[in-house]
Amino acid sequence: MIMKKLLLFLLFICSVQFSISQPSKISKAKFSPLGDIIAYTDGSDRNSNLNLYLMNHDELIKRIIPDSLHNLIVREFEFSPKGDVIAMLLTTKMITDLYVYMIKAKKIIRCTNSSELKNSDLGYKSWLQWCDNQSVIFLSKHSGISQQYIFDFSDMTLKSNGSSKGNEYFLTYSQKSQESYYIAVINNREPSVYRRKRASSINTEISKDGKNHITPILSDKNNFLFYSVMPEISPCIFDLNNSKFIKTKLPKLNVKIVGWSESDSSLACIYSHYDSEENFAKTDFMTYNYFSHKKQIISKEIEPALGILCSPDGTKFVFSKSISPYTVTQNVKKYNTESIQTFISDKKGVILNYPLCGIANDWSNDNKTVLFTDGNNLVLLNVETGKLKSILTEK
């Protein structure tokens, strides 16, 4: 049982590598806020680069990061709210620094220089997010422990975003309330959930139960916070405006929220479980109203490693599943590619199915297009017409 809990924990916090027709060279892809640009990384875990596809011009812009940065890894990248700038965390020689790419000017700027630090551990940076169109927030260890920092591009300054007396992890930021939410280990206590206003040093504990916690996630309108209690991966929902917990009838174990719609008080989540002494967990996909407690099973036994997305308006979902039996050995699942399909569903469980499109990466803000990656291909699915477009990035 302990081993199964560990396997479920790894399933929930890691992106599982899933081999379909070939090892995927494109590792991550995202739409710009306006949906007119796709940014994607390709390469290996030792050397990667960032590329752009301009949808209106059907044009690829390859390797925007110069070759002078040898053996570089693109750790994270995020479009600015207006979509005109891309912030990036790039790693070279175990040192991670913040860069920005100005899309219109086709110019890359280095914002921090961690190579001046005493050791590579201090060059750690992660959880990059935009505060507004002029600044980003991220975690950095350059002061010795993992803390929050904000870089302002208007004056090219780096400042701490308050502080705490312990390492901080799993950072998420609300542009609406200008407040950060994070896991922190303070005074050698178990990792707990905290909130902090921008530029404040007041750390307000949310969880207050003395347990271990991970992955705070904001609702779509930033009024609720979801997080998990370890090791059971028990779900918790916190009302940020009223500072109180929302009681739910969700399963007590192994629940992960993958989408939220405050407009109808619903969330989409996956629930992983073992039905027998099998080596692999089964994952079901459902919606849940956190006020009426009504639950709707959308599909059972989906394949979470192929991506699960909710449309920005919260009305549709995309997921993949095998439609015929697969071979299971002691530690390996084997599928026939032809047996896996991509599904689009609404909240009533009305489902349309397509041949396997690839790994679901992103959904355009106009709710019309889902972005998949399949090997060296970007695949676009128009959910209104069912039309598929494949973009070969390597010839």
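## What lines the cavity

Sort the residues lining the largest cavity by type and you get five nonpolar, five polar and one charged. Keep in mind that the model you're looking at is predicted.

So who is on that list? The lining is made up of G259, W260, S261, S266, L267, A268, T287, C310, G314, F317 and K347. Two strands stand out here: β21, covering 255–261, and β22, covering 266–273, each give at least two residues to the lining.

## The cavity itself

How do you find a hole inside a protein? Rolling a probe the size of a water molecule over the atoms shows where empty space is left.

In this structure, one cavity of 30 Å³ or more turns up. The volume of the largest cavity comes to about 50 Å³.

## Two strands side by side

Let's go back to the two strands that help line the cavity. β21 and β22 run antiparallel, and six bridges hold the pair together. If you'd like one to look for, start at V255: its bridge partner in β22 is Y271.

The two strands form a hairpin, with four residues sitting between them. Check the turn for S265, which has a positive phi of about 55 degrees.

Is β21 enclosed or open to the outside? Five of its seven residues are buried, so β21 is largely enclosed by the rest of the structure.

## A closer look at S261

S261 is worth zooming in on. This serine belongs to strand β21, and it is also one of the residues lining the largest cavity. Its relative accessibility is 3%, and because buried means under 20%, S261 counts as buried.

Who does S261 touch? Ignoring neighbours within four places in sequence, its contacts are D220, S266, Y290, D313, G314 and K347. Three of those names may ring a bell, since S266, G314 and K347 are also in the cavity lining. There's a polar contact too: the side chain of S261 pairs with the side chain of S263 at 3.0 Å.

The fold also brings S261 together with a distant part of the chain. P312 is 51 residues away along the chain, yet the C-alpha atoms of the two are separated by 8.5 Å.

## Elsewhere: L98

Now hop over to another strand, β7, which spans residues 95–102 and includes L98. Is L98 buried or exposed? With a relative accessible area of 0%, L98 is buried.

L98 has a distant partner as well: F151 is 53 residues apart from it in sequence, and the C-alpha atoms of L98 and F151 are 8.8 Å apart in space.

Notes: Residues are numbered from 1 along each chain as its sequence is written. This is a predicted model: local features need pLDDT of at least 70, side-chain atom pairs count only at pLDDT 80 or more; totals for chains, interfaces and linings use all residues. Side-chain values use heavy atoms; hydrogens and water are left out. On a 1 Å grid over the protein atoms alone, a cavity is a set of points where a 1.4 Å probe fits but cannot get out, and a pocket is an open set with protein on both sides within 12 Å along at least five of seven lines; lining residues have an atom within 4 Å of a point. Grid points are joined across faces, edges and corners, and a volume is the space filled by probe spheres set on the points. Ala, Val, Leu, Ile, Met, Phe, Trp, Tyr, Cys and Pro count as nonpolar, Asp, Glu, Lys and Arg as charged, and the others, Gly among them, as polar. Buried means under 20% relative accessible area, exposed over 50%, partly exposed in between (1.4 Å probe, protein chains only). Two strands pair if DSSP finds at least two bridges between them. Contact means heavy atoms within 4.5 Å. A polar contact is a pair of N or O atoms within 3.5 Å; within protein, one must be able to donate a hydrogen and the other to accept it, and residues adjacent in sequence count only if both atoms are side-chain atoms.
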